[in-house]
Structure formats: C-alpha cells, structure tokens
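Good morning, and thank you for making time for this short presentation. I would ask you to keep the sequence and the structure in view while I speak.

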Amino acid sequence: MVVFDRIMLILREATRHDAAAIAKLHADSWRSAYRGMLSDEYLNNRVYIERTALWQQRFSERAEKPFFVILAEVEEELAGFGCVFPDEHQTYGAFLDNLHVVPQRTGQGIGRRLLSAVAERLLTDEGRGGLYLWVIERNARARQFYAKAGALEVECAELSMPDGSRQKEMRCFWPNPARLLATHTLETVQ
C-alpha cells in the first residue's frame with residue numbers, strides 16, 4: 001500500500017475474477033486516449049466486447065502464455081493496471097502490453113507507481129533483460145509519460161490495431177527495469 005496526496009493506493013496481483021473490471025477499465029481508457037486514432041465505430045460499439053473477450057481468453061490461457069497483472073485500487077475501486085508478459089523478447093525482455101489508469105485519475109501518479117511495481121516484480125522474479133512496450137506514435141501524452149520515466153524510443157513500426165487499422169507505433173524500452181525504481185517518489189506505507 002502507498003499513500004500520496006492523501007490517497008490510499010492498494011497494489012495487488014489480479015486473478016481471473018478481475019477480468020471484467022480490467023476489460024471495462026481497458027475499454028474506457030482506450031475510448032478516452034485513442035479517440036481520433038482508432039475508429040469511432042470501434043470505440044463506440046466494439047471495444048468493450050472485444051476487450052472483455054481478450055481478458056477472458058488471457059486468463060483462461062495463462063498456463064500456456066504466462067503473464068501477470070498488477071492492479072491499483074483506490075477506495076476499493078480499480079484505478080489502474082499494468083499487464084506484463086515476462087521474457088517475451090530475446091533482445092528487449094519483458095513486454096508491458098498494457099498500462100492504463102481510469103481517465104478521471106490520470107495525472108495522479110498511479111501510472112508511475114504501477115510502472116515501479118512492474119519493475120519490482122520483474123526484479124524479484126529475476127527476469128532477464130529489459131522492459132518494453134509499443135505506444136501509438138500520435139499518442140503524445142503517453143510518449144511523454146514514458147520518456148519522463150526514462151524509456152528510450154528505439155524503433156518505429158507500423159502495427160495492426162484491433163479496429164482493423166494500421167498505426168505507426170514506437171517501441172519504448174528500459175534496458176534495466178531497475179531504472180524505473182530510481183525515479184519512484186511515492187512513500188510506501190509499512
């Protein structure tokens with residue numbers, strides 16, 4: 001548990017019982033952050049159904065494709081999550097597939113705390129290599145957030161999106177997840 005700005009933040013590992021709440025937050029985050037990048041038809045009509053199916057599938061296939069999800073809760077409500085596939089890439093290491101915070105809580109340090117929790121988990125599990133993610137090139141706010149957290153933009157590629165479009169995305173990379181701990185400024189409650 002951490003405290004910042006008088007907010008009690010609980011971090012815990014997700015279980016399959018959290019899949020519906022994760023899918024809702026994921027869809028809400030995409031509706032907020034990706035408007036104008038993904039199609040309105042997808043964001044308005046299909047994103048929630050598609051994200052729900054994705055999270056149900058992920059949790060049902062967890063043994064074959066290991067991952068972990070760290071949840072951030074404020075006042076017993078889901079405020080954010082980070083999903084990581086450890087040892088995903090031979091060169092770049094663990095893949096941070098998702099880092100989302102509920103739109104009304106962005107800018108409160110929750111995303112930064114989740115990044116630190118991901119790094120702590122990877123270091124505890126003795127994961128090899130770094131940590132990377134893909135971010136849509138036009139998502140300036142996210143790119144700025146990751147750059148401020150020390151990520152290096154090492155590659156640009158055009159990738160397929162769930163709405164059927166293709167987007168230029170930047171690979172953001174931390175060669176050592178410990179770098180994410182160096183800028184962690186929240187007070188941990190014992």
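Let me begin with S39. Setting aside residues up to four places away in sequence, S39 touches R46 and D163. Please bear in mind that we are looking at a predicted model. S39 sits in the loop between α1 and α2. Its relative accessibility is 27%, and S39 therefore counts as partly exposed, since that class begins where buried ends, at 20%. There is also a long-range relation here: S39 and P162 are 123 residues apart along the chain, and their C-alpha atoms are separated by 9.8 Å.

That brings me to P162. Where does P162 lie? P162 is in the loop between β7, residues 152–160, and β8, residues 166–174. With 32% relative accessibility, P162 counts as partly exposed. Its contacts, leaving aside neighbours within four places in sequence, are W30, Y42, R46, E50 and R51. R46 thus appears in the contact list of P162 and in that of S39. For another distance from this proline, consider A63: the C-alpha atoms of P162 and A63 are separated by 24 Å, with the two positions 99 residues apart along the chain counted as their separation.

I turn next to R51, which is one of the contacts of P162. R51 belongs to helix α2, residues 40–60. Is this arginine buried or exposed? R51 has 6% relative accessibility and so counts as buried, because the limit for that class is under 20%. Not counting residues up to four places away in sequence, R51 touches A23, H26, A27, W30, Y42 and P162. W30 and Y42 are therefore worth locating on your display, because they stand in the list for R51 and also in the list for P162.

A second arginine deserves a place beside R51. R113 is found in helix α3, which covers residues 110–124. At 6% relative accessibility, R113 counts as buried. The C-alpha atoms of R113 and A72 are separated by 8.6 Å, and these residues are 41 apart along the chain.

Now to the backbone. Most residues other than glycine have a negative phi. Which values do we find at E75 and E76? E75 has a positive phi, near 50°, and is a residue other than glycine. E76 also has a positive phi, of about 65°, although E76 is not a glycine. E75 lies in the loop between β3 and β4, and E76 is found in that loop between β3 and β4 as well. As for accessibility, E75 is exposed, with a relative accessible area of 69%. E76 counts as exposed at 79% relative accessibility.

The strands on either side of that loop lead us to a pocket. As a general remark, rolling a probe the size of a water molecule over the atoms shows where empty space is left. The second largest pocket holds about 180 Å³ of space. Its lining is made of 14 residues, and those closest to the centre are A21, K24, L25, L78 and V102. The elements that give two or more residues to this lining are α1 (19–33), β3 (68–74) and β4 (77–89). Which element gives the most? It is α1, with 4 residues. By class, the lining of this pocket has 6 nonpolar, 1 polar and 7 charged residues.

Finally, let me step back to the whole protein. The secondary structure comes to 5 helices and 9 strands. Along the sequence, they follow the pattern β-β-α-α-β-β-β-α-β-α-β-β-α-β. The C-alpha trace spans about 45 × 35 × 35 Å along its principal axes. For 190 residues, a compact globule would have a radius of gyration near 16 Å, and the protein has 16 Å, so the value agrees. Of these 190 residues, 46% count as buried. The accessible surface comes to about 10,000 Å², and 49% of that belongs to carbon and sulfur atoms. Among contacts with a separation of 6 or more, 63% are accounted for by residues 24 or more positions apart. The contact between R51 and P162, with which much of this talk was concerned, is one to revisit on the display. Thank you for your attention.

Terms used. Residues are numbered from 1 along each chain as its sequence is written. This is a predicted model: local features need pLDDT of at least 70, side-chain atom pairs count only at pLDDT 80 or more; totals for chains, interfaces and linings use all residues. Side-chain values use heavy atoms; hydrogens and water are left out. On a 1 Å grid over the protein atoms alone, a cavity is a set of points where a 1.4 Å probe fits but cannot get out, and a pocket is an open set with protein on both sides within 12 Å along at least five of seven lines; lining residues have an atom within 4 Å of a point. Grid points are joined across faces, edges and corners, and a volume is the space filled by probe spheres set on the points. Ala, Val, Leu, Ile, Met, Phe, Trp, Tyr, Cys and Pro count as nonpolar, Asp, Glu, Lys and Arg as charged, and the others, Gly among them, as polar. The radius of gyration is taken over C-alpha atoms; the globule rule is 2.2 Å times the number of residues to the power 0.38. Buried means under 20% relative accessible area, exposed over 50%, partly exposed in between (1.4 Å probe, protein chains only). Contact means heavy atoms within 4.5 Å. Accessible areas come from the Shrake-Rupley method with a 1.4 Å probe; for residues, only the protein chains shown count as cover.
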